[in-house]
Amino acid sequence: MSEHDYKRDFPVFEKYPDIAYLDNSATTQKPQAVIDAVSRYYREENANPLRGLYELAVKATDAYENARIAVRDFIGAASEREIIFTRNASESLNLIAYSWGRANIRENDEILVTISEHHSNFLPWQILANEKRAKLKFLKCSETGEYTAEALKKALTPRTKLFAIAQISNVFGRVNPIKEFAEICRANGTLIVCDGAQSVPHIPVDVRELGVDFLAFSGHKMLAPMGIGVLYGREELLEEMPPFLYGGEMIEFVTLCGATFAELPHKFEAGTVNAGGAVGLHAAIDYINAIGFNEIERRENELTKLLVTEMQQVPHINIVGSHDPDEHHGIVTFTIDDVHPHDIAAIFDESGVCIRAGHHCAQPLHKYLGVQSTVRASVAFYNDENDVRRFMDCLKTIRRRMGYSD
Amino acid sequence: MTNFYNEILTDHNMHPVHKHELSCCTCSRDGINPSCGDEITLNLNVENGVITDGSFTGSGCAVSQASADIMLDLVIGKSVEDAKHLHELFVKMIHGDACPAEIDELEEAGALADISHMPARVKCALLGWRTMAEMVG
């Protein structure tokens, strides 16, 4: 498939040469370049960013702010003022709900959410709607996980203030037509919140090209350390929004009876920031850019195709979503007749194959699809055919292991 | 690593003896593992301090279903005090603290001993036992 063995860039595979890591939608492994960058930051550049008036603190500030510029360029934002560092996509989405939501959602307003959203892009809106006595409405998909423009147009009303949708569902793996949906939302005066947790690591994402109002994603799903995430928001929206958390280094001026707040983006970054994480995210972006999305997508699509087509040959395997491998983007969620997903995961574990079992933080979708839980294999560019072979060899034995004759 | 999908477990999962409704039982109780979605209803008939009959219904992974079935095999016909004692031994075994003689005392339930190496599955194995202990405790 490739001349280059990317696994060599990832120390975890040196330590565990025999695992087939197919849980990349949960989190990715970290390349040496990212580990080194974080280590270098703490060895050579650490001080509290944005505060100190000495050289080392300036270095720390530069390292942190350079990471913001790298993120800006990576997702095509107009300004680094539009890039807020958070802990992860969940915090980014909560920030929107708490700050924009509480200032703008009123009784009888409507919030539209897709039925396949991750709990992160679902619960903040459910809580907000309950609190404001607004109406939470659900956009439903077809059995293959497809959302249509017609259905969206029908679901929007003059009262729909916000539409929350993932660019790629963590269960279906299908890419939603965000650009088209953003246009429909704009025409209706509805803001669009896009969860990019599963898309930003795997396909080129340009926020201005897509026309989204907000985009949230996590660093740890794209080779960076855990604990660093991003919220992109259009500058005029962020300007109007009140702070989310209050505390250190997000103020302009504080008196005993009030305060004025710092400018963007620091208004939304109260307290000491995760500079080491941001530096790690910067290194992850550099690493991804050096490989390029052409190569990343080519490898991931090839592996996905191999997985889906081989799985389709095995009886009693039911793939969730489309039968077309091109609609899966590295994510293949499935069930096996008569075998509980937790038993499936345990048997894979015995063979050193790491996959996820459960509801994948998408319980409403599982209920909608009529399944209790599912199993998910998800690939990254550093996986290879051998990982798929290991997965398939084990998959074929599972029903027999559980006592079934075929 | 682990080898708990042995014949005893798969057999009890595929052909459970005690998985059925039980009319005129003296008590029944729901046991749920919310994170896995395992759910069972355990029914017991207790007369004069003896478990004279029992059954379960519900759904879940093989570990939870087989464990509940094996447990009922063991405790039906025994006194409530003996059932409580077996529950204690089972909990001990699942946490990897039981000696071979204690595991022997658990008879077929001893086939689940390897689950002590799989922390994520401990609650599956315990579901039936925990529910029974709550009923007779």
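Which residues gather in a patch of negative charge on the surface? In this predicted model, they are B:E7, B:D11, B:D73, B:D82, B:D104, B:E105, B:E107 and B:E108. The points below take up that patch, then turn to salt bridges in chain A, to the surroundings of A:E146 and to a helix of chain A.

**The negative patch on chain B**

- Two elements of chain B, α1 (7-14) and α4 (100-105), each give two or more residues to the negative patch.
- One of the patch members, B:E107, is found in the loop that runs between α4 and α5 (122-136) of chain B.
- With a relative accessible area of 54%, B:E107 is exposed, because the cut-off for that class is over 50%.

**A salt bridge between two loops of chain A**

- Side chains of opposite charge can pair when their charged atoms come close, and a search of the whole structure finds 30 salt bridges over all chains.
- In one of these, the side chains of A:R81 and A:E263 meet at 3.0 Å, taken from N to O.
- A:R81 lies in the loop between α3 (55-75) and β2 (83-86) of chain A, while A:E263 lies in the loop between β10 (258-261) and α10 (275-291) of that chain, so the salt bridge ties together parts that are 182 residues apart in sequence.
- The two partners fall into separate classes of accessibility, since A:R81 is partly exposed with a relative accessible area of 22%, whereas A:E263, at 52% relative accessibility, counts as exposed.

**Other salt bridges and a network in chain A**

- A:E295 forms a salt bridge with A:R298, and the closest N and O atoms of this pair are 3.1 Å apart.
- Both residues belong to helix α11 (residues 293-312) of chain A, where they stand three residues apart and are therefore separated by about one helical turn.
- Within this pair, A:E295 is buried, with a relative accessible area of 14%, but A:R298 is partly exposed, with a relative accessible area of 31%.
- A:D406 forms a salt bridge with A:R399, in which the closest N and O atoms are 3.3 Å apart.
- Here A:R399 counts as buried at 8% relative accessibility, while A:D406 is partly exposed, with a relative accessible area of 48%.
- Salt bridges that share partners also build a network, which joins A:R81, A:E235, A:E239 and A:E263.

**The surroundings of A:E146**

- A:E146 has its place in the loop between β4 (135-139) and α6 (149-155) of chain A, and at 37% relative accessibility A:E146 counts as partly exposed.
- When its neighbours within four places in sequence are left aside, A:E146 is in contact with A:C141 and A:R174.
- From A:E146 to A:E263 the separation is 117 residues in sequence and 40 Å in space, C-alpha to C-alpha.

**A largely enclosed helix of chain A**

- Helix α12 (residues 341-350) of chain A has eight of its ten residues buried, so this helix is largely enclosed by the rest of the structure.
- The buried residues of α12(A) are A:P341, A:H342, A:D343, A:I344, A:A345, A:A346, A:I347 and A:F348.
- Just after α12(A) comes A:G352, which takes a positive phi of about 75 degrees.

Key
Residues are numbered from 1 along each chain as its sequence is written. Chains are lettered from A and ligands numbered from 1 in the order in which they are written. This is a predicted model: local features need pLDDT of at least 70, side-chain atom pairs count only at pLDDT 80 or more; totals for chains, interfaces and linings use all residues. Side-chain values use heavy atoms; hydrogens and water are left out. A salt bridge is a side-chain nitrogen of Lys or Arg within 4 Å of a carboxyl oxygen of Asp or Glu. Helices (H or I, at least four residues) and strands (E, at least two) are DSSP runs, numbered from the N terminus. Buried means under 20% relative accessible area, exposed over 50%, partly exposed in between (1.4 Å probe, protein chains only). Patches are made of residues with over 30% relative accessible area and no salt bridge: like charges are joined within 9 Å, nonpolar side chains (Val, Leu, Ile, Met, Phe, Trp, Tyr) within 5 Å. Accessible areas come from the Shrake-Rupley method with a 1.4 Å probe; for residues, only the protein chains shown count as cover. Lys and Arg count as positive and Asp and Glu as negative; His and the chain ends are not counted. The place of a charge is taken as NZ of Lys, CZ of Arg, CG of Asp or CD of Glu. Contact means heavy atoms within 4.5 Å.
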